[in-house]
Amino acid sequence: MTKSMEQIHRIKELQLQQMGPYQIAKELGLDPKTVRKYMEQEDFSSKAPIAEVRVSKLDPYKATIEAWLKEDEKNRYKQRHTAQRVYDRLCREHSGFDCSYPTVVRFVRETRQKHKLSKDGFLELEWHPGEAQADFGECDVILNGTRSACRYLVVSFPQSNAAFVQCFLGETAECLCQGLMDVFQHVGGVPKRLVLDNATGAGRRIGETVRLTQLFQRFQSHFGFEVTFCNPASGHEKGNVENKVGYVRRNYFVPLPSAPSLVEWNTDLLQMCDLDNLREHYKKDKPICELFEADRHAFRPLPRLPFEACRYEHLKTNGYGKFVLDGKHTYTSSPMYAEEEIVVRVGAHYVEPLDAAGEAISRHPRQFGSIRTDTVDWLTMLDSLIAKPGAWKNSTMRSQMSYDVRDYMDDLDRSGLRQALRMVKELSERYGLDVAVTSLQETIVRRRADGISANTAMIAARIAGFGLDTAATPGPDMRLYDDALMPVPTGGL
């Protein structure tokens, strides 16, 4: 029988006094064999506690159960194994299986608990395939000739060091969800876990609690990934994406990129990311794209149904059919919706007022920032001017036209002005407003006002198909045909 350390210590003290085992046994009231054992013992250093190894009937099947539960991470929640399903499969697929159902339940619960994330968002230093980090950076981009302050979203995968980028004018929940969705669709899957910086774009932190926006809650539920938020002032918890934000700024945004729109620039960005991922990993001596295959294998599948990364707001229009969003940015719906409450679809790139049937009345590039803006949809203004051509000379649209077009339209009578505006609207719907107005200007400058509708339509088709300056393109100089086919004007439409 094991004795207390005090008893053992007393035995060794009496041993030092040259007392024999029988004397010590009599003195302490112990068995002489026990005394002799401790007198002969030389090592009294403490031993590390060793957990008792318990043999279970379930041991031969534990690896199989863990593999099933691991595979479940790729499946939808409703298509994962319950403890009952695990038990039933073991009974059916293994003839020698004789464990009880409660034993299986305990092991399934313990296995899931072992892999469950802590509630406070503790972040492991070792990153596994299928886990991602995301953060925003700031940059300038030249959009359609204008320098614009932008926010770019970086989604990185620390296991492989792969990263993908999308650019926006703001850092809202709509931008975050749209950017994540674009990346998920590009890579063909959904990360198992996403780490974000203190709820940027997804919500806001109040004390120790992160209160998510409704849009991000819907987005997370739709795509089925887990989310972890870094602690305040703890950027080191997502160091991979922090480094990537700087890398992207230095390599993708220097010199300043130029693009017609952010939508087109974002397409180019994803292609640039694919090319960048061909380089070798800084530490693993393999191309990043090869390492990224392990991430792909661990992804959850994309949801079957699409997701709309937008929110809907009920807003009141003024007497001109305009409404204000985010307190500073004014957009047009249509004059026919003046002084009404309308529903507005607010996305990352566009704002769309909707009619009663849910169809877009107009579509505007979304504006961000603290400077007041007033965005006009010229097509809806054309509808109003066609109905009331007398308002042409005082319209905002007239002030945006070139002097050639303005002077020509001013000289038309009411019927001719309505016909010209209707022609611009038809060509705008087919080719876009810029092409329609440019075509009209070209027709007027060339002084081909006779049959202006047909001539403007022909030039619009040429601009849309080949560009205006066809002399620089292979083939005949189309300007020769213009001179031959467009007679000198005699007046009228």
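## Exercises on a predicted model

Helix 5 and helix 6 are oblique to each other. Keep that in mind as you work through the exercises below; the model is a predicted one.

**Exercise 1. Work out why helix 5 and helix 6 count as oblique.**

Solution. Start by finding the two elements: helix 5 covers residues 83-93, and helix 6 covers residues 101-115. Next, look at how their axes run. They come within 9 Å and cross at roughly 125 degrees. Now compare that angle with the cut-offs: over 145 degrees would be roughly antiparallel, 65 to 115 is roughly perpendicular, and the rest outside the parallel range is oblique. The pair is therefore oblique. As for handedness, this crossing is right-handed.

**Exercise 2. Find which residues make the contact between helix 5 and helix 6, and sort them by class.**

Solution. Take helix 5 to begin with: its side of the contact is made by Ala-83, Gln-84, Val-86, Tyr-87 and Leu-90. Helix 6 answers with Tyr-101, Val-104, Val-105 and Val-108. Then sort them: eight are nonpolar, one is polar and none is charged. The polar one is Gln-84, since Gln falls outside the nonpolar and charged groups.

**Exercise 3. Decide how many disulfides the structure has, and check Cys-175 and Cys-177.**

Solution. A search through the whole structure turns up zero disulfides. Check Cys-175: its nearest cysteine sulfur belongs to Cys-177 and is 9.5 Å away. A disulfide needs the two sulfur atoms within 2.5 Å, so Cys-175 is in no disulfide. Go the other way and Cys-177 has Cys-175 as its nearest cysteine sulfur, again 9.5 Å away, and is in no disulfide either. Are these two buried or exposed? Cys-175 has 0% relative accessibility, so it counts as buried. Cys-177 is buried too, with a relative accessible area of 0%.

**Exercise 4. Place Gln-178 in the structure and say what it touches.**

Solution. First, locate it: Gln-178 sits in helix 7, which spans residues 173-187. Second, check its accessibility. The value is 18%, and the cut-off for buried is under 20%, so Gln-178 counts as buried. Third, list its partners. Leaving out residues up to four places away in sequence, Gln-178 touches Phe-168, Ala-309 and Ala-348.

**Exercise 5. Sum up the chain as a whole.**

Solution. Begin with secondary structure: the chain has 18 helices and 15 strands. Then turn to burial, where 42% of the 493 residues count as buried. Finish with contacts: among those with a separation of 6 or more, 59% join residues 24 or more positions apart.

Conventions: Residues numbered from 1 in each chain as written. Predicted model: local features only at pLDDT ≥ 70, side-chain atom pairs only at ≥ 80, totals over all residues. Heavy atoms only, no water. Axes fitted to C-alpha atoms, helices over the stretch in contact; angles between N-to-C directions. Helix = DSSP H or I, 4+ residues; strand = E, 2+ residues; numbered from the N terminus. Parallel < 35°, antiparallel > 145°, perpendicular 65-115°, else oblique. Left-handed = near helix turned anticlockwise from the far one by under 90°. Contact = heavy atoms within 4.5 Å. Buried < 20%, exposed > 50% of the residue type's maximum accessible area, 1.4 Å probe, protein only.
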